[in-house]
Amino acid sequence: MIVIFYKHAIPLGFLNKRNLIADTYSQIYIQIVFSVKYRKALIHESWEEELYKYITGIIQNKRQKLIAINGMPDHIHIFIGMKPNCCLSDLVREIKKSSNSFINEKQFTEIPFYWQEGFGAFSYGFSQIDNVVQYIKNQKNHHYKKTFQEEYLEYLKKFEIEYNEDYLFEWLD
């Protein structure tokens, strides 16, 4: 597991013609959650760290701050400090598309690997960073008690997100 701790405001500022820094600053913390297609348990511990490093590179290349990343064989949690000029959907699309290709090119799985469509995104305040990092860090222990489906539905209820069950992840029974 990779945890990079980032604990201060993310300046969006840039130097202008008078060498002054623009006055845009933000603290936007987002936990992103998505799963393997059909929630198949395909992410193996022998290569998950390589996958997490690859995803870390994508996030950093998009000039966002990775705070924590971890998951289970069937899903992944990514916690980022996001700049306000970032389009979250575009970032997640790039993470999923590029990491999907990476997994298949490396032939980590015997069958073609695909991420499931859609994702969850949950925002947090600065004071919640430590708790979210610990939660993500302890995914393996956490899921001894709760399934991914239970966890995801709990997030939707906790954050009061309206949802249509027809469009939730395709769950395996």
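When two helices pack, angles under 35 degrees count as roughly parallel, over 145 as roughly antiparallel, 65 to 115 as roughly perpendicular, and the rest as oblique. Keep that in mind as we walk through this predicted model, where local features need pLDDT of at least 70, side-chain atom pairs count only at pLDDT 80 or more, and totals for chains, interfaces and linings use all residues. Residues are numbered from 1 along each chain as its sequence is written, and side-chain values use heavy atoms, with hydrogens and water left out.

Let's start with helix 2, residues 88–105 (helices are DSSP runs of H or I, at least four residues, and strands are runs of E, at least two, numbered from the N terminus). Among its buried residues (under 20% relative accessible area, 1.4 Å probe, protein chains only) are Leu-88, Ile-95 and Phe-102. Part of the cover comes from strand 4 (29–35), helix 1 (48–61), strand 6 (75–81) and strand 7 (120–124), where contact means heavy atoms within 4.5 Å. Just past the helix, Gln-107 has a positive phi of about 55 degrees.

Now for its partner. Helix 1 and helix 2 pack at an angle of about 140 degrees, with axes 10 Å apart (axes are lines fitted to C-alpha atoms over the stretch in contact, and angles run from 0 to 180 degrees between N-to-C directions). The two helices are therefore oblique to each other. Residues that meet include Tyr-54 and Ile-58 from helix 1, and Ser-98 and Ile-103 from helix 2.

Finally, look at helix 5 (148–158), where Phe-148 and Tyr-152 are among the buried residues. Its cover includes helix 3 (129–137) and helix 4 (139–142).

Conventions. Buried means under 20% relative accessible area, exposed over 50%, partly exposed in between (1.4 Å probe, protein chains only).
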